[in-house]
Amino acid sequence: MNYYIFKFIYVIAIRDAVGQQAYKASKGEKEWFWSKMPSWFEDKKATNHKETKAIFTEIEKFINLILMDLFVDQVDYDSKFFDLCNLVIDNYNSIEIDLSLPKQFSLGHAQKLINMMIKYFYITTYSVSTTKTVPASYFRFCHCPMDYKLIKKVNKKLSRGKKIKYGWSSTTKAKYENFQRTVEKQASLMSKTKLEYDYIVW
């Protein structure tokens, strides 16, 4: 994978994950996520190189598994996805960039980062051409990024008693899985995947 493309997509995705109000920090405090982390990865002597390398390397490995169609089934994908989320959370929260910052990088932020990166890689590989190198079907197990707008869109099709009432940044694994099941049901009615659902309704 081309590192510069990976870095560019990471910067866009991490802005989506922590650049909003759901991550409680000042603008300056948030900017280290995208302005400093790539340099920490590139500089082996940087204080936070180990944590940054773990995040970048493991996300890259996961995306490569998608691009090579190496996930066995949805269960395999989901298991590895949550393992990756936990690794990302642990490493982000162990970075000592500012001791005044709360260790608040959550499952909600991790899924947003990973799912948005996958969404952008989908754009770079998808084509209507029969000669495309990575078929869209390789992304069939991928999740729909969970955020405020998608929850609102999903809720429009749910009855009052079944509406999702929790926020994306504070989501738990069980609530996240419920969101994905709900998206899958709605996407299947359109003969689309969970990831394609995001493009359709966003």
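**Entry 1. Cavities**

I counted the enclosed spaces in this predicted model and found two cavities of 30 Å³ or more. The second largest cavity holds about 30 Å³ of space. I listed its lining as Ile 66, Asp 69, Phe 71, Tyr 77, Tyr 138, Phe 139, Phe 141 and Cys 142. Sorted by class, the lining of this second largest cavity comes to seven nonpolar residues, no polar ones and one charged.

**Entry 2. Phe 139 and Asp 69**

I then took up two residues from that lining, Phe 139 and Asp 69. Phe 139 sits in the loop between H7 and H8. Its relative accessibility is 2%, so I recorded Phe 139 as buried, the cut-off being under 20%. Leaving out residues up to four places away in sequence, I noted that Phe 139 touches Ile 66, Leu 67, Ile 118, Phe 121, Tyr 122, Thr 125, Val 134 and Leu 195.

I also checked the separation of Phe 139 from Asp 69: the two are 70 residues apart along the chain, and their C-alpha atoms are 8.0 Å apart. Asp 69 belongs to the loop between H5 and helix H6, which spans 74–94. With a relative accessibility of 28%, Asp 69 counts as partly exposed.

**Entry 3. Positive phi**

I looked up backbone angles next. Most residues other than glycine have a negative phi. Asp 69, although not a glycine, has a positive phi of about 55°. Ser 191 is likewise not a glycine and has a positive phi of about 60°. I located Ser 191 in the loop between H9 and helix H10 (194–201). At 66% relative accessibility, I entered Ser 191 as exposed.

**Entry 4. The largest pocket**

I turned to the largest pocket, whose volume is about 330 Å³. It is lined by 17 residues, and those closest to its centre are Gln 20, Lys 112, Asp 147, Tyr 148 and Trp 168. Helix H7 (107–125) and helix H8 (148–155) each contribute at least two residues to the lining of this pocket. By class I recorded seven nonpolar, four polar and six charged residues in that lining.

**Entry 5. Packing of H1 and H5**

I examined the pair formed by helix H1 (residues 3–18) and helix H5 (residues 49–67), which pack at an angle of about 105° with their axes 12 Å apart. Angles of 65 to 115 degrees count as roughly perpendicular, and I therefore entered H1 and H5 as roughly perpendicular to each other. On the H1 side the contact is made by Tyr 3, Phe 6 and Tyr 10, and on the H5 side by Phe 56, Ile 59 and Glu 60. I classed the residues of this contact as five nonpolar, no polar and one charged.

**Entry 6. Two buried helix residues**

I looked up Met 116, which has its place in helix H7. Its relative accessible area is 6%, and Met 116 is buried. Apart from residues up to four places away in sequence, Met 116 touches Ala 13, Asp 16, Gln 111 and Pro 145. I noted also that Met 116 and Ile 12, 104 residues apart in sequence, lie 8.4 Å apart in space from C-alpha to C-alpha.

I closed with Gln 180, in helix H9 (residues 173–188). Gln 180 is buried, its relative accessible area being 6%. With residues up to four places away in sequence left out, I found Gln 180 touching His 143, Cys 144 and Lys 194.

Methods
Residues are numbered from 1 along each chain as its sequence is written. This is a predicted model: local features need pLDDT of at least 70, side-chain atom pairs count only at pLDDT 80 or more; totals for chains, interfaces and linings use all residues. Side-chain values use heavy atoms; hydrogens and water are left out. On a 1 Å grid over the protein atoms alone, a cavity is a set of points where a 1.4 Å probe fits but cannot get out, and a pocket is an open set with protein on both sides within 12 Å along at least five of seven lines; lining residues have an atom within 4 Å of a point. Grid points are joined across faces, edges and corners, and a volume is the space filled by probe spheres set on the points. Helices (H or I, at least four residues) and strands (E, at least two) are DSSP runs, numbered from the N terminus. Ala, Val, Leu, Ile, Met, Phe, Trp, Tyr, Cys and Pro count as nonpolar, Asp, Glu, Lys and Arg as charged, and the others, Gly among them, as polar. Axes are lines fitted to C-alpha atoms, for helices over the stretch in contact, and angles run from 0 to 180 degrees between N-to-C directions. Angles under 35 degrees count as roughly parallel, over 145 as roughly antiparallel, 65 to 115 as roughly perpendicular and the rest as oblique. Contact means heavy atoms within 4.5 Å. Buried means under 20% relative accessible area, exposed over 50%, partly exposed in between (1.4 Å probe, protein chains only).
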